[in-house]
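User: I am new to this structure and would like a close look at a single part of it, followed outward into its surroundings. Please take me through it carefully, in one connected answer.

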Amino acid sequence: MKRVLKDKTKEALAAYAFLAPNLLGFFVFTSIPVVVSLLLSFTEWGLFTPPKWVGLRNFIELFQDKRFWQYSFNTVYLMAAIPISMTGSLLLAIALNQKLKGMVIFRTIYYLPTICAGVAIFMLWRLMYNPEFGAFNTMIAGLGDLLGLKLQGPNWLTDTLWAKPALIIMSVWQSVGGQNMILYLAALQGVPRDLYDAAEVDGANAIQKFWAVTWPQISPTTFFIGIMSLIGGFQAGFDQAYMMTGGGPNGSTTTIIYYLYNNAFVWYHMGYAAAIAWVLFSVIFLITFLKWKFFGKNIHYT
Amino acid sequence: MSYQDEIEPVVRSKEARKQRQWGKVMHDSLIYIGLCLGAVTMIAPFMWMITTSLSAPGAIFSDRSWWKEWIPTVFYWKNYIDVWTVVPFGRFYLNSVFISVALTAGQVITSSLAAYAFARLEFPGRDKLFFGYLGTMMIPGAVTMIPVFVLLRFLGWIDTYQAMILPGIFTAYGTFMLRQFFLTMPKELEDAAKIDGCSYLRIFWHIIIPLSGPALATLTTFTFMGSWMSLMWPLIVVNSASKFPLPVGLSYFQGLHNTNWELLMAATVMMMLPILIVFVFAQRFFVEGIKLSGIKG
């Protein structure tokens, strides 16, 4: 009995020792900062003077801040890329799932933009969108020459009308063959064969089989990808804005996170920035909570 | 779809079979044509990048007809040499390698230790603690960003390497992913070792770790890639060019040489290269890692 007890204590001690490095770092860089950030959101703080407690004022100001609403709208607008890209990913996954030769090569090619994601890609696309010498407008002008017309492409990133669609096009290109496609591919491979066999006995054609068998079977994956993209979408847009547009023209490509960054690290409105972070967190929490409430937390998605 | 072909027709005339084969050829070629068109769209921007990176200074603004933008006809390799002398590109490279390697090593080591405790050991408060870990996974980085910056400033760590490395090491995600993997191993593995009186550290090191190659490789690749690409955090905590990692260096370079497109693109190509090399060797782990992340519910 004593022996067992001793072993248990030993095991627990060992466990705490194993946990210690991660747990310590986790407390310092996650747990405590979360609390501090909440406290900061109730203060006015310019970093170089002591913080001043202002209660709910940051939040009230935030909800009256026209720019905040504009940037929230931008963030949601840019999420138009999500359904487009998801549809593309699903179609690609279906094509790649046909067990034909050379599919691995195609998968690799489609995955390339995801692999190279980040600053390099944004720098590349910024030049491609250049109105005079960029790839797009040179193509459009070249096409015009072929047809004997004088065609002039839009000013892409410097035009309030075109800046957001330009970013959406880039984002679809970048994500269509990425992880969502791979998740869909895994889901398609997991659909039981006998369901298709049964549908065939009933004389279903390819499209009917898709809607009656494939679509419902992979819907957990669709749901998972959708939720994750939504959560990601609310936090997206910093790198693009920083590298390509500076948030402009006229704030038309500034997203919530870019506004937060500017508030905190350019204008030193630390309290206000913390308030933005907590509004963002609330939205994400709400999405996660609804997902959990309606679909349970133990669905296995692949 | 191809599933039709798998069912062997019981009775079928030669004619009908021929027709079916013809249908399959049509179906397959349509898929290939679609995939090829898509693949061209995927590759085209990279072609444009390579072509631009190889053109003579200023050539982009004068003598390029529209198809020459996509296929290199001039090979001005000097750009790739110039880029190293015009900006401290080598320095950015070294910084990025150092930061990413240190961050990844720290992440993999601390996560695997913690994951071992969560998955294989029993101790009071385990489930509560783990639940707490899980709960923090949905907290956006934006929330902790400001306090961590304030903390680093308080410690006098602004503009240091540890400011870029340390906060990225301790994520719940790595611990969670490895725990899921460790849980799949049979309990008997350790029992024999325990009877022999092995310490927990030895069990961890000689039994668990050697069996976790794929999971560790996946976490390594993902962490490395994430760190290699990260722009915002280094931007916040570092301000001297000698400490810039590649993304920050590249954005800085973009501001300085806005009109030297061929240099900008040569730099871009060189930033992508290491990632592409990693990808070629580790493609399997990318795919596995994505599937794992899809299970986390």
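Analyst: Leaving aside its neighbours within four places in sequence, Leu260(A) is in contact with Ala273(A), Ile276(A), Ala277(A) and Ala142(B), and these contacts belong to a predicted model. Two of the partners named here lead further, for Leu260(A) and Ala277(A) are the residues that touch the most other members of the largest nonpolar core, which has 153 residues. To this core H14(B) gives the most, with 13 residues.

The confidence of the prediction deserves a word before going on. Chain A has a mean pLDDT of 88, and 96% of its residues reach 70 or more. The exception to keep in mind is residues 298-302 of chain A, over which pLDDT stays under 50, and for which the model has 19 contacts beyond four places in sequence.

From the core one can turn to the meeting of the two chains, where 69 residues of chain B are in contact with 81 residues of chain A. On the side of chain B that touches chain A, at least two residues each are supplied by helix H1 (3-6), H2, helix H4 (89-120), helix H6 (141-154), helix H7 (161-169), H12, H13 and helix H14 (261-294) of chain B. Of these elements, H14(B) gives the most to that side, with 13 residues. Divided by class, the residues of the side of chain B that touches chain A are 50 nonpolar, 15 polar and four charged.

Helix H12 of chain A shows how both chains can take part in covering one element. This helix, residues 238-245, is mostly covered, since eight of its eight residues are buried, and the buried residues are Phe238(A), Asp239(A), Gln240(A), Ala241(A), Tyr242(A), Met243(A), Met244(A) and Thr245(A). What covers them includes helix H6 (119-128), helix H8 (163-175) and H13 of chain A, together with helix H12 (232-237) and helix H13 (246-256) of chain B. After H12(A) comes Gly246(A), whose phi is positive, near 65 degrees.

A positive phi also appears elsewhere in chain A, in residues that are not glycine. Most residues other than glycine have a negative phi. Tyr268(A), although it is not a glycine, has a positive phi of about 55 degrees; its place is in the loop between helix H13 (256-266) and helix H14 (270-295) of chain A. Because Tyr268(A) has 14 C-beta neighbours inside 10 Å, it counts as partly exposed. Lys99(A), likewise a residue other than glycine, has a positive phi near 55 degrees, and it is placed in the loop between helix H4 (81-96) and helix H5 (103-115) of chain A. Lys99(A) has 11 C-beta neighbours inside 10 Å and therefore counts as exposed.

The domain assignment gives a wider frame for chain A, with domain 1 (1-35) and domain 2 (41-295), and the C-alpha centres of these two domains of chain A lie 39 Å apart. For chain B, the assignment gives domain 1 (3-76) and domain 2 (86-294), with C-alpha centres that lie 36 Å apart. The contact between the domains of chain B takes eight residues from domain 1 and seven residues from domain 2. The side of domain 1 of chain B that touches domain 2 of chain B has five nonpolar, three polar and no charged residues.

Val74(B) offers a local view of chain B, being found in the loop between helix H2 (14-53) and helix H3 (78-86) of chain B. Although Val74(B) and Ser53(B) are 21 residues apart in sequence, they are 10.0 Å apart in space, C-alpha to C-alpha. Neighbours within four places in sequence aside, Val74(B) is in contact with Leu54(B), Ser55(B), Ala56(B) and Ala59(B). Because 13 C-beta neighbours lie inside 10 Å of Val74(B), this residue counts as partly exposed.

Seen as a whole, chain B has 14 helices and zero strands. The radius of gyration of chain B is 26 Å, well over the 19 Å that the globule rule gives for 297 residues, so chain B is more spread out than a compact globule. Along its principal axes, the C-alpha trace of chain B spans about 75 × 70 × 35 Å. Buried residues make up 40% of the 297 residues in chain B, and among its contacts between residues at least 6 apart in sequence, 75% join residues at least 24 apart.

Methods:
Residues are numbered from 1 along each chain as its sequence is written. Chains are lettered from A and ligands numbered from 1 in the order in which they are written. This is a predicted model: local features need pLDDT of at least 70, side-chain atom pairs count only at pLDDT 80 or more; totals for chains, interfaces and linings use all residues. pLDDT is the predictor's confidence in each residue, from 0 to 100. Helices (H or I, at least four residues) and strands (E, at least two) are DSSP runs, numbered from the N terminus. A residue is buried if 20 or more other C-beta atoms lie within 10 Å of its own, exposed if 12 or fewer, and partly exposed in between; C-beta atoms are placed from the backbone. Domain bounds come from an automatic or database domain assignment. Ala, Val, Leu, Ile, Met, Phe, Trp, Tyr, Cys and Pro count as nonpolar, Asp, Glu, Lys and Arg as charged, and the others, Gly among them, as polar. A nonpolar core is a set of buried Ala, Val, Leu, Ile, Met, Phe, Trp, Tyr and Cys residues joined through C-beta atoms within 7 Å. The radius of gyration is taken over C-alpha atoms; the globule rule is 2.2 Å times the number of residues to the power 0.38.
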